[in-house]
Amino acid sequence: MEIFTDTLTGLLDTSGLMAMTWQNAVMILLSFVLFYLAIVKQYEPLLMLPIAFGMLLTNLPLTGLYHPELWDPATNPYFAPEYLDSGYVDGSMNTIFMSVFTQHTSLDYGRVLHDGGLLDMLYLGVKLQIYPPLIFLGIGAMTDFGPLIANPKSFLLGAAAQGGIFFTFIGACLLNVTGIADFTLKEAASIAIIGGADGPTAIYLTSKLAPQLLGSIAVAAYSYMALVPVIQPPIMRLLTTKNERAVRMGQLREVSKLEKVVFPIAVTVIVSLIVPSAAPLVGILMFGNLMKESGVCDRLVKTATNELMNIITIFLGITVGATAVAENFLSWKTIFIIVLGLVAFCIGTACGVLLGKLMYLISGKKINPLIGSAGVSAVPMAARVSQKEGQKTDPSNFLLMHAMGPNVAGVIGSAVAAGVLLSILG
């Protein structure tokens, strides 16, 4: 009987129940909220569900699936003072060693492979910026840039909608200067990118600049993407008149196959030369689109849009969710991230609509300003919102194809914006 009692006591002492903290319990409850949003409300379920489950797994004590300390440069043994003074690196080489080593890596990936758990291994795909570009490969293979090619002015609307990113970046910096919030420039940029309404781009930039905020930013970004039909309409109605919303736009011209094949090549060359840091996202996006439009890579297109896309979505979601550990997520910064992310998204929508109003006046009232709101990168939800708002004023008005131009331009625009921020701060 004593042996049985000791065994039960030993099991209890080594169980996760004894290591559970109130912070873990709160994070687990938050994961349940995300489950509800994904399953019942169907808010971006393909990524929200894996993110929620990753959050659940990482906050269950003693599971050993994810170790945040392995991803903290401060815990890297090669930076320890005793290592630098141990004889492995002599004093005359300390400065050179630190300069060169920190430029190439601030993490001990060998330690991750040796001591890491399952989610640590999968997180390498995020940390090494592999998953987001592969997601863009699938997006490119599914995207029709025809409406954008037929109406190049849509590029302007897609660019204007990125205003939410840069205005929010400046606002976050001002909050830091005034002492209201404590953000580094890299954290401010990572928060601001939420305004692009592009989940993979937000993950890509944040994993490079502020990985400690990755879980919070990913949850905020995908939540606001799912809430496009709720957030955008009030802003669109506030900034436009009934007459503006009722404008009917002429039918788009037919785009030739040659134009569709040349477009991804031209965009890749131009963007990569101007903003090289955006090449991993824009280049892979355009590669996927070129495979689609060429008509000679059907098998590759099917793989990119189905099997590969699905696998990467699972890996990306569950590992991003795993970064939402209690010590990082349960902080005032998370509240600021949620608020500033919403502000960025609203400003981006407003910037697109306001430029649409300007183009409405310049064009002689031939452009419906509602399509400007589709300049954010939530494809195709933002374009559908433009269509629905237009039909509320005139049920026979069809704006969807016109709105798809700014919408797909927003995908390129958000990736370029991330590249600009990365060039400045990376």
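Modeller: A residue is called buried when its relative accessible area is under 20%. The model discussed here is predicted.

Biologist: Is N407 buried or exposed?

Modeller: N407 belongs to helix α25, which spans residues 400-425. Its relative accessible area is 0%. Because this value falls under the 20% cut-off, N407 is buried.

Biologist: Which residues does N407 touch, leaving aside those up to four places away in sequence?

Modeller: A contact requires heavy atoms within 4.5 Å. With residues up to four places away in sequence set aside, the partners of N407 are A374, V376, S377, A378, V379, P380, M381, A382 and A383.

Biologist: How does L30 count in terms of exposure?

Modeller: L30 lies in helix α3, residues 22-39. The relative accessibility of L30 is 31%. Buried means under 20% and exposed means over 50%, so L30, at 31%, counts as partly exposed.

Biologist: What is the area of the nonpolar surface patch that includes L30?

Modeller: L30 forms this patch together with W22, V26, V33 and L330. The area of the nonpolar patch is about 420 Å².

Biologist: What percentage of the residues of the chain count as buried?

Modeller: The chain has 426 residues, and its secondary structure comes to 25 helices and 0 strands. Of these residues, the share that counts as buried is 52%.

Biologist: What share of the area that the chain exposes is supplied by carbon and sulfur atoms?

Modeller: The chain exposes about 19600 Å². Of this area, carbon and sulfur atoms supply 68%.

How values were computed: Residues numbered from 1 in each chain as written. Predicted model: local features only at pLDDT ≥ 70, side-chain atom pairs only at ≥ 80, totals over all residues. Heavy atoms only, no water. Helix = DSSP H or I, 4+ residues; strand = E, 2+ residues; numbered from the N terminus. Buried < 20%, exposed > 50% of the residue type's maximum accessible area, 1.4 Å probe, protein only. Areas by Shrake-Rupley, 256 points an atom, 1.4 Å probe, with all protein chains shown as cover. Patch = residues over 30% accessible without salt bridge, like charges linked within 9 Å, V, L, I, M, F, W, Y side chains within 5 Å. Salt bridge = Lys/Arg side-chain N within 4 Å of Asp/Glu carboxyl O.
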